[in-house]
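Subject: Structure handed over, with notes on what was found

Dear colleague,

I am passing on to you the structure that we talked about, and I would ask you to open it beside this message while you read. The notes come after it.

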Amino acid sequence: MMSLGLNDQIQFDEEIQSMTENRCNIIGADMARQNATTREKYEKIRGQLFVGNVPDTLKLCKSERYELDSATVFATADRMMIDSGSKEVEILKIDIESSEHTALEPFLKSYFVCQILIEIHGHPAKQLEMLTKLSRWVIKMGKYYRVCY
């Protein structure tokens, strides 16, 4: 599971781990470092935290293992997936404050995503545009006859 836009709210992630007896590989990211309590809870549920903005290029910075400083190396979403050992995403939970309009499609081009839970920001026309993009990806992914389990 991948949670983008945590904002120290990890109840969904905790519930998924509770229901699956901690069997999920969980990746979480936010533009701000999570507070100490959240970091501790995320470690308990075997989650990996990343910090960074999720702009058009989906640049993320892996920094929970290291302190943020000027030497922090930024990585792509590919690097985040590689660092976490993930090749596909069963559940993508995304609330990245309007960046979904540019960040989601490139991610879907590179990785198979079974389920998407998304908060779409913007005016109704912008929301419809995003839903249209998503529906095209659902059709493309459906051609592979992948079964999520």
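What follows goes through the strands, then a helix, and then a cavity.

Please keep in mind from the start that this is a predicted model.

A good place to begin is strand β2, which covers residues 26-30. Five of the five residues of β2 are buried, so this strand is largely enclosed by the rest of the structure. If you look along the strand, you will see that Ile26, Gly28 and Asp30 point one way, while Ile27 and Ala29 point the other way, and that the residues on both sides are buried.

Strand β2 also has partners. Strand β1, made of residues 2-4, runs parallel to β2 and is joined to it by three bridges; as one example of this pairing, Leu4 has Ala29 of β2 as its bridge partner. Between these two strands the chain passes through helix α1, residues 11-19, and the β-α-β crossover that results is right-handed.

Strand β3, residues 47-51, pairs with β2 as well, again in the parallel sense, and here five bridges are found. Within this pairing, Gly28 has Leu49 of β3 as its bridge partner. The path from β2 to β3 leads through helix α2, residues 36-44, and this β-α-β crossover is right-handed too.

Next, please turn to helix α4, which spans residues 100-110. Which residues of α4 are buried? They are Glu100, His101, Ala103, Leu104, Phe107 and Leu108. These residues cover an arc of only 165° around the helix axis, which means that they lie on the same side of α4.

Helix α4 leads on to the last point, the empty space inside the model. Rolling a probe the size of a water molecule over the atoms shows where empty space is left. The count comes to one cavity of 30 Å³ or more, and the volume of the largest cavity is about 30 Å³. Its lining consists of Leu104, Glu105, Leu108, Met130, Lys133, Leu134 and Trp137. The elements that give two or more residues to this lining are α4 and α5, the latter being residues 124-142, and α5 gives the most, with four residues. By residue type, the lining divides into five nonpolar and two charged residues, with no polar ones. Leu104 and Leu108, which belong to this lining, are also among the buried residues of α4.

With best wishes

Technical notes
Residues are numbered from 1 along each chain as its sequence is written. This is a predicted model: local features need pLDDT of at least 70, side-chain atom pairs count only at pLDDT 80 or more; totals for chains, interfaces and linings use all residues. Side-chain values use heavy atoms; hydrogens and water are left out. On a 1 Å grid over the protein atoms alone, a cavity is a set of points where a 1.4 Å probe fits but cannot get out, and a pocket is an open set with protein on both sides within 12 Å along at least five of seven lines; lining residues have an atom within 4 Å of a point. Grid points are joined across faces, edges and corners, and a volume is the space filled by probe spheres set on the points. Ala, Val, Leu, Ile, Met, Phe, Trp, Tyr, Cys and Pro count as nonpolar, Asp, Glu, Lys and Arg as charged, and the others, Gly among them, as polar. Buried means under 20% relative accessible area, exposed over 50%, partly exposed in between (1.4 Å probe, protein chains only). Two strands pair if DSSP finds at least two bridges between them. A crossover is right-handed if, with the strands pointing away from the viewer, the path from the first strand over the helix to the second runs clockwise. The arc is that of the directions from the helix axis to the C-beta atoms.
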